[in-house]
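Student: I should like to study how helices are placed in this protein. May we work through it by question and answer?

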Amino acid sequence: MNPITMQLVADRYIRMALEEDIHSEDVSTNAVMPACREGDVQLICKEDGIIAGLPVFARVFQLLDEKTEIDFKAQDGDKVTKGQLLGVVTGDVRVLLSGERTALNYLQRMSGIATYTHQVAELLEGTKTRLLDTRKTTPCMRIFEKYAVRVGGGCNHRYNLSDGVLLKDNHIDAAGSVRAAVLAAKEYAPFVRKIEVETENLDMVREAVEAGADIIMLDNMTPEQMAEAIRVIDGRAETECSGNITKENIETITKLGVDYVSSGALTHSAPILDISLKHLRVRRR
């Protein structure tokens, strides 16, 4: 995550997370550490995976105290193993204690998404199909979760509703038909925006092609239906497969030759990666 994005966007959400957790004060920390004392604590990985979110982890502590120092032994995208020392955080012990849970929440969540994404992306190696995420993200966590998908080897679909045209079933119902929805989008949206249409059957696929859709999503179709849809499209639009795609069933569509496969599971179903802050040491005067 680049520094500009961190300052402009991520900092606001990190501050909200800190305010949610600390609110008025950290009673436990203030009880055992009433004054500033310098110390350090180790960041340790407790299971194998892909690490993601180290800059966010660091930013939590730096927003509490800009003097906090972090010596990382890994970087985002690295494969990490159980028991590996990932870094050492040094600073005011009160900051280390108060920021611990928020910092780990981000790091564990983002690393879990990167790990799961990496596992799915490996199943697509050697094919032309690119792995995409969706907007099925945790509220106020999208910037972090979509970043973690990229770290894990996936690609980002549109970031938000302003980022592209995707005509789903309810948009089509509102417009009256696939053709009407596509024509309305072409008239309203800037010409630089591609128009994607979600289709559920071959009749919708044919209508989307004839209306001039740029991307056609094949939603919740069987492999046989998708194969036929690809033949109907015949290169006149890019293709995306979607609908309950997980690492357990993605192999069923890898041989079809779709351009993209999108999976909400990358962000809504990835388990966290277990990471801890351990062995806190208070430096004696």
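Tutor: We may begin with helix H9, bearing in mind that the model is predicted.

Student: Which residues of helix H9 (residues 223–233) are buried?

Tutor: A residue counts as buried when its relative accessible area is under 20%. In H9, the residues that satisfy this are Met226, Ala229, Val232 and Ile233.

Student: Why do the buried residues of H9 line one face of the helix?

Tutor: An α-helix has 3.6 residues a turn, so residues three or four places apart point the same way. Seen down the axis of H9, the buried residues line one face because they fall within an arc of 115°.

Student: Which residues are exposed on the other side of H9, and what covers the buried ones?

Tutor: The exposed residues on the other side are Glu224 and Arg231. The cover over the buried residues of H9 includes helix H8 (202–211), strand E9 (215–219) and strand E10 (238–242).

Student: At what angle do the axes of helix H1 (residues 3–22) and helix H3 (residues 54–64) cross?

Tutor: Two packed helices are described by the angle between their axes and the distance between the axes. The axes of H1 and H3 come within 10 Å, and their crossing angle is roughly 65°. H1 is therefore roughly perpendicular to H3. The angle asked for is thus roughly 65°.

Student: How many residues of each class does the contact of H1 with H3 have?

Tutor: H1 contributes residues including Met6, Ile14 and Leu18, while H3 contributes residues including Val56, Val60 and Leu63. By class, the contact has three charged, one polar and nine nonpolar residues.

Note on methods:
Residues are numbered from 1 along each chain as its sequence is written. This is a predicted model: local features need pLDDT of at least 70, side-chain atom pairs count only at pLDDT 80 or more; totals for chains, interfaces and linings use all residues. Side-chain values use heavy atoms; hydrogens and water are left out. Axes are lines fitted to C-alpha atoms, for helices over the stretch in contact, and angles run from 0 to 180 degrees between N-to-C directions. Helices (H or I, at least four residues) and strands (E, at least two) are DSSP runs, numbered from the N terminus. Angles under 35 degrees count as roughly parallel, over 145 as roughly antiparallel, 65 to 115 as roughly perpendicular and the rest as oblique. Contact means heavy atoms within 4.5 Å. Ala, Val, Leu, Ile, Met, Phe, Trp, Tyr, Cys and Pro count as nonpolar, Asp, Glu, Lys and Arg as charged, and the others, Gly among them, as polar. Buried means under 20% relative accessible area, exposed over 50%, partly exposed in between (1.4 Å probe, protein chains only). The arc is that of the directions from the helix axis to the C-beta atoms.
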